[in-house]
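Subject: Structure handover

Hello,

Here is the structure we spoke about, with my notes below it. Please read them next to the coordinates.

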Amino acid sequence: MRQRGHRSGGRRAAVLIGLTVAVSALSGCEHRSPSTLQPEGPKASIAAESWWLLFAVAAFVCLVVIAMTLLAVVFRRRGRNPEVKQGDGKRYVLVLGVIIPGIVFAATFALSVTDLVKTSSPAEHPAMTVDVIGHRWWWEFRYDGTRAVTANELHVPVGTPIELRLRSDDVIHSFWVPKIMPKMDVFPHRINQTWVTVDRVGRFQGECAEYCGLQHAHMGFEVVAQPRDSFRSWLADQSNDATAPATAEEHRGMEVFTTGSCATCHTIRGTSAAGTIGPDLTHLATRDRLAGGAIPNDIGHLSGWVADSQAVKPGNRMPPQRLSPADLHAVVTYLESLE
């Protein structure tokens, strides 16, 4: 009866462990979650290679420990070597418990240092510098030597190293693009420098990897990698002032925007709006998403955001706008024309 109880307990433990492993594995199966193990740039490739190597070492050590444990159990059941004499096994403890783990730890440390050296600077001089500024809860990108400013979208030419200068406007954030580069912390009153290269054209999801407040989960962004010619054209367009209103409704929207509270927080180049608290909206219509990736950039979501952003993203710094339906429609129509 006692042995049966032990076997039953062992089966329950095995089932519990199996369920735990299955739940842990499935929890990472969200198809939109970017993976560090699918690198699209040299820095991410180095990090992924290190991960697989360390995983292999850890798995090997785990298998050795399990095998030795099973051998010990089998020999004990067969009655072999039932007594342990004082001093037995010192050599095994020294080799397996000190020397081999010491070699493994030294090798992994050397690997980490080597990878840090590899990722500290790009193979060629960066083509340009982008200032990355973390705000609660959105990202601002300023392209050095130009007037281009974007929010929550970092555009880069494919296959070209870009230097990033990162700082925070408020609290500690962490800039992370899993497929492109490892995390880089972003501090107030301090500038951190790193670089990034993207191997192929595409859009790559980025996240804030440091819990920074209520809407930390809605502080996403995208890295948009473009062909070099396309990037140069895009950068030239983004450096221009906003397009002038083309219709009476857009004219009315610009007047409401520039004479109301909107202009105290936002900039639209080419108009009197020069606020610096919120994102630069000069080319708002070219962006795919709004509010740190929380909502798509279409006229319906933009209307809801302008009318009451707190309902969409509680705790952000933009108060509800008390606009009449006609004024709200005019403002949104104008903003959607800013390409």
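Strands β6 (residues 173-177) and β9 (residues 202-208) pair in the antiparallel sense, with two bridges between them. In this pairing F175 stands opposite C208 of β9. Bear in mind throughout that the model is predicted. β6 is also joined to β7 (residues 181-186), by four bridges, and these two strands run antiparallel. H173 has V186 as its bridge partner in β7. Three residues lie between β6 and β7, and the two strands form a hairpin. β6 is mostly covered, with four of its five residues buried.

F175 comes up again in the nonpolar core. The largest such core has 30 residues, and F175 is among those with the most contacts inside it, together with W139, F141, Y143, L154 and L164. L154 can serve as an example: neighbours within four places in sequence aside, its contacts are V130, F141, Y143, L164, F175, E222, V223 and V224. Another core, of 22 residues, lies apart from the largest one and includes A291, L328, V331 and L335.

Next, the open sheet. It consists of five strands in the order β3-β2-β1-β5-β8, and its pairing is mixed. The edges are taken by β3 (149-151) and β8; each has a single partner strand, so one side of each has no neighbour in the sheet. On average, neighbouring strands here are turned by 25° against each other, direction ignored.

Within this sheet, β5 (residues 162-168) pairs with two strands that can be described in turn:

- β1 (residues 128-135) runs parallel to β5, and seven bridges join the two. T129 stands opposite E163 of β5.
- β8 (residues 192-196) is antiparallel to β5, with five bridges. I162 has V196 as its bridge partner in β8, and R165 has Q193.

In a regular strand the side chains alternate between the two faces of the sheet. β5 shows such an alternation: I162, L164, L166 and S168 point to one face and are buried, whereas E163, R165 and R167 point to the other and are not buried. L164, on the buried face, is one of the residues with the most contacts inside the largest core.

Helix α4 (residues 228-239) lies across three strands, β1, β2 (138-143) and β3, and runs at about 95° to β3.

On to the helices. Two packed helices are described by the angle between their axes and the distance between the axes. For α5 (residues 248-259) and α9, the angle is about 105° and the axes are 7 Å apart. Angles of 65 to 115 degrees count as roughly perpendicular, and α5 and α9 are therefore roughly perpendicular to each other. On the α5 side the residues involved are E249, E250, R252, G253, M254, V256 and F257; on the α9 side they are A326, D327, H329, A330, V331, T333, Y334 and L335.

Which residues does A330 touch, its neighbours within four places in sequence left aside? They are E249, R252 and G253. The C-alpha atoms of A330 and G253 are separated by 4.2 Å, although the two residues are 77 residues apart along the chain. A330, which has its place in helix α9, counts as buried because its relative accessibility is 0%, and the cut-off for buried is under 20%.

α9 (325-335) also takes part in the packing of helix α7. The buried residues of α7 (residues 299-307) are L302, W305 and V306. Viewed down the axis of α7, these buried residues fall within an arc of 95°, so they line one face of the helix. They pack against α9, and also against β11 (289-290), β12 (295-296) and α8 (309-312).

Finally, the totals. The protein has nine helices and 12 strands. Of its 339 residues, 36% are buried. Among contacts between residues at least 6 apart in sequence, 63% join residues at least 24 apart.

Regards

Conventions:
Residues numbered from 1 in each chain as written. Predicted model: local features only at pLDDT ≥ 70, side-chain atom pairs only at ≥ 80, totals over all residues. Heavy atoms only, no water. Core = buried A, V, L, I, M, F, W, Y, C linked by side-chain atoms within 4.5 Å. Buried < 20%, exposed > 50% of the residue type's maximum accessible area, 1.4 Å probe, protein only. Contact = heavy atoms within 4.5 Å. Arc of directions from axis to C-beta. Pairing = 2+ DSSP bridges. Axes fitted to C-alpha atoms, helices over the stretch in contact; angles between N-to-C directions. Parallel < 35°, antiparallel > 145°, perpendicular 65-115°, else oblique.
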